[in-house]
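Visitor: I'd like a walk round this one, please. Could you show me what the labels rest on as we go?

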Amino acid sequence: MTEHQVDTAAAIAAKAAPPVGVSLATVAGYQVSELVLWATLVYTVLMIGHKVYQIYLDVTKTLDK
């Protein structure tokens, strides 16, 4: 017996997004290494911001006691 798996449109789009994005960026004239560099920078800034926010919440929670 074989089972057929039906993928939703969102799942198919999520699977296709990275290669399509890279292909479109390459056609538009952007280098993949440049995109990775900027994505890493944005991710790092977001993670630092999230950590600072968590520390802020912990400090204010401690001061309220």
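Guide: Let's start with the helix rule: helices (H or I, at least four residues) and strands (E, at least two) are DSSP runs, numbered from the N terminus. Bear in mind that this is a predicted model, where local features need pLDDT of at least 70, side-chain atom pairs count only at pLDDT 80 or more, and totals for chains, interfaces and linings use all residues. Residues are numbered from 1 along each chain as its sequence is written, and side-chain values use heavy atoms, with hydrogens and water left out.

Visitor: What does the secondary structure of the protein chain come to?

Guide: Two helices and zero strands. Helix α1 covers residues 9-28, T26 among them, and helix α2 covers residues 32-64, including L37.

Visitor: Why is L37 called exposed?

Guide: Buried means under 20% relative accessible area, exposed over 50%, and partly exposed in between (1.4 Å probe, protein chains only). L37 has 57% relative accessibility, so it counts as exposed.

Visitor: And why does E34 count as partly exposed?

Guide: E34 also sits in helix α2, and its relative accessibility is 35%, so it gets the in-between label. T26 is partly exposed too, because its relative accessible area is 47%. As for G49 in helix α2, its 38% makes it partly exposed.

Visitor: How much of the protein chain counts as buried?

Guide: Just 2% of the 65 residues.

Visitor: What makes the radius of gyration of the protein chain unlike that of a compact globule?

Guide: The radius is taken over C-alpha atoms, and the globule rule is 2.2 Å times the number of residues to the power 0.38. For 65 residues that gives near 11 Å, but the protein chain has 20 Å. Its C-alpha trace spans about 60 × 45 × 15 Å along the principal axes.

Visitor: How far apart in space are E34 and A10?

Guide: They're 27 Å apart, C-alpha to C-alpha, with their positions 24 residues apart in sequence. Within the other pair, T26 and A10, 16 residues apart along the chain, the C-alpha atoms are separated by 24 Å. For G49 and L35, 14 residues apart, the separation is 21 Å.

Visitor: Which residues make the nonpolar surface patch?

Guide: L37, W38, L41 and V45, over about 440 Å². Patch residues need over 30% relative accessible area and no salt bridge, with nonpolar side chains (Val, Leu, Ile, Met, Phe, Trp, Tyr) joined within 5 Å and like charges within 9 Å. A salt bridge is a side-chain nitrogen of Lys or Arg within 4 Å of a carboxyl oxygen of Asp or Glu. The areas come from the Shrake-Rupley method with a 1.4 Å probe; for residues, only the protein chains shown count as cover.
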